[in-house]
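Student: I'm new to this one and would like a close look at a single part of it. Could you walk me through the strand pairing and what sits around it?

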Amino acid sequence: MPEVRAPERRREQRRSVTEPGAETNRRELADTARFTEWWPATPDALSWEGPQEQAPAELLRAALAEGRLGHPWAHGFPRYAWHRDGDVVHEFRLTGRAPGEYTGYTLHPSEWPEGIA
């Protein structure tokens, strides 16, 4: 009988802020990205905290323009973008539905990516 092995699990690497290349037009990224609400299966699965004066779409544009980005890239957009406001960090992640479409949520300090300081 042949040996049966469980499929290998690919664990996502620890997220970290990476400097975009010189060819990256951060302003263009910020202008073309879109924020979309993501409704989790349970109300507490994802949260949005911090000052509510700025809409999530504005924070996404700021994160992309400032260059707090993370790999890998897909269709010309980074998978991750982060915005830090004091002791609150918002993470934006490509949804995979359309190029440049992101959803976002607030991270616990233990989840902050390397290099967000």
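Tutor: Let's start with E4 and E5, which run antiparallel and are joined by six bridges. This is a predicted model, by the way. E4 covers residues 88–94, and E5 covers residues 101–107. The two strands form a hairpin with six residues between them. In that turn you'll find Gly96, whose phi is positive, at about 85°.

Now pick out one residue in E4, namely Glu91. Across the pairing with E5, Glu91 stands opposite Tyr105. On the E3 side, Glu91 has Trp82 opposite it. So is Glu91 buried or exposed? Its relative accessibility is 0%, so Glu91 counts as buried; the cut-off for that word is under 20%.

What does the side chain of Glu91 meet in there? One polar contact goes to the side chain of Arg15, at 2.8 Å. Another goes to the side chain of Trp82, at 2.9 Å, and Trp82 is the residue that stands opposite Glu91 in the strand pairing. If you set aside the neighbours within four places in sequence, the residues in contact with Glu91 are Arg15, Tyr80, Ala81, Trp82, Thr103, Gly104, Tyr105 and Leu107.

Let's move over to E5. Seven of its seven residues are buried, so E5 is largely enclosed by the rest of the structure. Tyr102 belongs to this strand, and with a relative accessible area of 0% Tyr102 is buried. E5 also pairs with strand E1, residues 34–35. Here the strands run parallel, with two bridges between them. Phe35 has Tyr102 as its bridge partner in that pairing. You can also look from Tyr102 across to Phe77: the two are 25 residues apart along the chain, and their C-alpha atoms are separated by 9.9 Å.

Back to E4 and its pairing with E3. These strands run antiparallel and are joined by six bridges. They form a hairpin with two residues between the strands, and Gly86 takes a positive phi near 65° there.

Follow E3, residues 77–85, back to E2, residues 69–74, and you come to another antiparallel pairing, this time with four bridges. In this pairing, Ala74 stands opposite Phe77. E2 and E3 form a hairpin too, with two residues between them. His75 lies in the loop between E2 and E3, and its phi is positive, near 55°, in a residue other than glycine. Its relative accessibility is 67%, so His75 counts as exposed. While you're in E2, have a look at Pro72. The peptide bond leading from His71 to Pro72 is cis, with omega near -5°.

Next, the nonpolar residues. In soluble globular proteins, nonpolar side chains tend to be buried together. In this model, the largest nonpolar core has 13 residues, and those that touch the most other members are Ala33, Leu60, Leu64, Phe77, Ala81, Phe92 and Tyr102. Two or more residues of this core come from each of helix H1 (26–32), helix H2 (56–66), E3 and E4. The element that gives the most is H2, with four residues. There's also a second, separate core of seven residues, which includes Trp82, Tyr105, Trp112 and Ile116. You've already seen two of these names: Trp82 stands opposite Glu91 on one side, and Tyr105 stands opposite Glu91 on the other.

Finally, step back to the whole chain. The protein has two helices and five strands, and along the sequence they follow the pattern α-β-α-β-β-β-β. Of its 117 residues, 32% count as buried. Among contacts between residues at least 6 apart in sequence, 58% join residues at least 24 apart. The accessible surface comes to about 8,100 Å², and 48% of that belongs to carbon and sulfur atoms.

If you want one place to return to, try Glu91: a buried residue in E4, with side-chain polar contacts to Arg15 and Trp82.

Definitions and conventions:
Residues numbered from 1 in each chain as written. Predicted model: local features only at pLDDT ≥ 70, side-chain atom pairs only at ≥ 80, totals over all residues. Heavy atoms only, no water. Buried < 20%, exposed > 50% of the residue type's maximum accessible area, 1.4 Å probe, protein only. Polar contact = N/O pair within 3.5 Å; in protein donor to acceptor, adjacent residues only side chain to side chain. Contact = heavy atoms within 4.5 Å. Pairing = 2+ DSSP bridges. Areas by Shrake-Rupley, 256 points an atom, 1.4 Å probe, with all protein chains shown as cover. Core = buried A, V, L, I, M, F, W, Y, C linked by side-chain atoms within 4.5 Å.
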